[in-house]
Amino acid sequence: MSKVKYYYDPDTLSYRKIEAKKSRRYRNIGLFLLGSFLFGLLGLTILLNTNFINTPKELSLQRELRNYDLQFELLDKKMEQVEQVLANIEDRDNNIYRVYFEANPIPDEQRRAGFGGVNRYKSLEGFNNSEMIIASTKRMDIIQKQMVIQSKSLDEITKLAEEKEKLLAAIPAIQPINNEDLKRMASGYGWRSDPFTKARKMHWGMDFTSPKGTPIYATGDGKVIRADSNSSGYGNHIRIDHGFGYVSLYAHMSKYNVTAGKTVKRGDLIGFVGSTGRSEAPHLHYEVFKDDQRINPINFYYGSLTAEEFANMLRTASQENQSLD
C-alpha cells in the first residue's frame, strides 16, 4: 500500500491530500525500470569478467591456457640452451677442427640462414598468438638447419681425420738407415761435385755411407711400384708409392727384400746397402718425390732423429762436397 501524502492549504486552513499526476507516475516507473536495467547490466558485466559464473569447461580451458603459457616459457629456455650449445660446437668446429684439418670454416650466414621463397608459415597466421607461434617455429627451423649443417661438417671432419691419419702414416718421415748402422751422411741435396766427371751437378737426393749389406727401411707406408735395375745410374733400386703424391726412391742396393706390388709399412725392411749402378762406394742414395717433383728429403726426418741429430745432419747436408753417385 503506497504512502498517502498531504499538504497544508492556507486558504482553507486545512490539510489536503496530494493527488499524484499520471504522467509523473509513469515517469517514475520508467526511471525505475531504466535504473534497474543499467544496474543489472553493470552487475552482469562484472560477473562475466570474473570466475564466479564460469562453467567447468571454461575453467578447464583457462587452466590449459595457463599450462600452455608455462610450456612455452620452458620451450623458450630449452631453445636458448640448445642455441648456446650449438654456438659452442660451431666455434670449436670453425676455429679448431676445420683449421687443424685445413678445411675452410663455415660462414655464420650459412649456418643461421632462414628459408626463402614460399611462405612456410601461412597456415599459422590468423590466430590470437600467430606472431609468437610463427617466431618460435622459425627459430626451431633455424636450429634444426644448424644441426644438419653441423652434422655434415662433423662427417667431413671425420673423413678428413681418417685421411690425415693415412697421410701421416704415408709421409716418408724416418731415416732409411738406422743411425747406429750409419758411417756418415756423405752428401746432401743440392749442387755437388760429380765423383766421375768432377763437374758441378745437381744432386737430387741424399747419400748415406754404410757397409754393404746394411738394412734399408721403408720411410713410410705405401706400395712398392718398382724393384729393378732398369733406371740409368740407380742400379738395383726400389720405388715406393706412398699416396698423396709422395714417392720415395732407394738406389744402389745390393739385394731386395721386397718385390713390386708388395704393400709395406714404415720401418719395414725392404733391402740392403750396395754399390750397384753409377756408384763410387757402398752407400744408399735416397730421393723423395712430391707430385712428380724431387724435393729435399732432409725435411722429412722428424720421425726418427732428435733435434741435435737433425741439426748435425742439416749442417753436413749443406756442405757442397762430392757426391758418391
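In what order do the three strands of the open sheet stand? In this predicted model, the order is β7-β13-β11, and the pairing is antiparallel. Strands β7 (215-217) and β11 (253-256) stand at the edges. Each has a single partner strand, so one side of each is left without a neighbour in the sheet. From one strand to the next, the twist averages 35°.

The pairing of β7 with β13 can be followed in detail. Strand β13 covers residues 269-273, and three bridges join β7 to β13. The two strands run antiparallel. One bridge pair is formed by P215 and its partner in β13, F272.

The same part of the chain is touched from a loop. N257 lies between β11 and β12 (263-264). The contacts of N257, leaving out residues up to four places away in sequence, are L269, I270, G271 and F272. F272 is also the bridge partner of P215. N257 and I216 lie 41 residues apart in sequence, yet their C-alpha atoms are 9.3 Å apart in space. N257 has a relative accessible area of 40% and is therefore partly exposed.

A second loop residue, G277, lies between β13 and β14 (283-290). Beyond its neighbours within four places in sequence, G277 is in contact with G233, Y234, G235 and H252. G277 is 26 residues from A251 in sequence, and the C-alpha atoms of the two are 8.3 Å apart.

H252, one of the contacts of G277, belongs to the loop between β10 (246-251) and β11. The phi angle of H252 is positive, at about 65°, although H252 is not a glycine. With a relative accessible area of 1%, H252 is buried. The cut-off for a buried residue is under 20%.

Positive phi also occurs at D291. Here the value is near 55°, again in a residue other than glycine. D291 is placed in the loop between β14 and β15 (293-295). Is D291 buried or partly exposed? The relative accessible area of D291 is 48%, which makes the residue partly exposed.

Strand β14 also takes part in a pairing with β6. The two strands pair in the antiparallel sense, over four bridges. D207 of β6 has H285 as its bridge partner in β14. Strand β6 comprises residues 206-209, and both of its faces are covered. M206 and F208 are buried on one side, and D207 and T209 are buried on the other. D207 thus appears both in the bridge to H285 and among the buried residues of β6.

Strand β8 (residues 222-228) pairs with β12 and with β9. Two bridges join β8 to β12, and these strands run antiparallel. Within this pairing, G222 has V264 of β12 as its bridge partner. Five bridges join β8 to β9, which spans residues 237-243. The strands β8 and β9 also run antiparallel. K223 is bridged to D241 in β9.

The helices add a further element of packing. Helix α2 (residues 56-100) packs against helix α4 (residues 130-170). The angle is about 25°, and the axes are 10 Å apart. That makes α2 roughly parallel to α4, as the cut-off for this class is under 35 degrees. The crossing of the two helices is left-handed. Which kinds of residue make up the contact of α2 with α4? The contact divides into 12 nonpolar, four polar and nine charged residues.

Values for the whole chain complete the description. The protein chain has five helices and 15 strands. Of its 325 residues, 31% count as buried. Contacts between residues at least 6 apart in sequence were also classed by separation. Among these, 64% join residues at least 24 apart. The pair N257 and I216, 41 residues apart in sequence, and the pair G277 and A251, 26 residues apart, give C-alpha separations of 9.3 Å and 8.3 Å.

Conventions
Residues are numbered from 1 along each chain as its sequence is written. This is a predicted model: local features need pLDDT of at least 70, side-chain atom pairs count only at pLDDT 80 or more; totals for chains, interfaces and linings use all residues. Side-chain values use heavy atoms; hydrogens and water are left out. Axes are lines fitted to C-alpha atoms, for helices over the stretch in contact, and angles run from 0 to 180 degrees between N-to-C directions. Angles under 35 degrees count as roughly parallel, over 145 as roughly antiparallel, 65 to 115 as roughly perpendicular and the rest as oblique. A crossing is left-handed if the near helix is turned anticlockwise from the far one by less than a right angle, and right-handed if clockwise. Ala, Val, Leu, Ile, Met, Phe, Trp, Tyr, Cys and Pro count as nonpolar, Asp, Glu, Lys and Arg as charged, and the others, Gly among them, as polar. Two strands pair if DSSP finds at least two bridges between them. Buried means under 20% relative accessible area, exposed over 50%, partly exposed in between (1.4 Å probe, protein chains only). Contact means heavy atoms within 4.5 Å.
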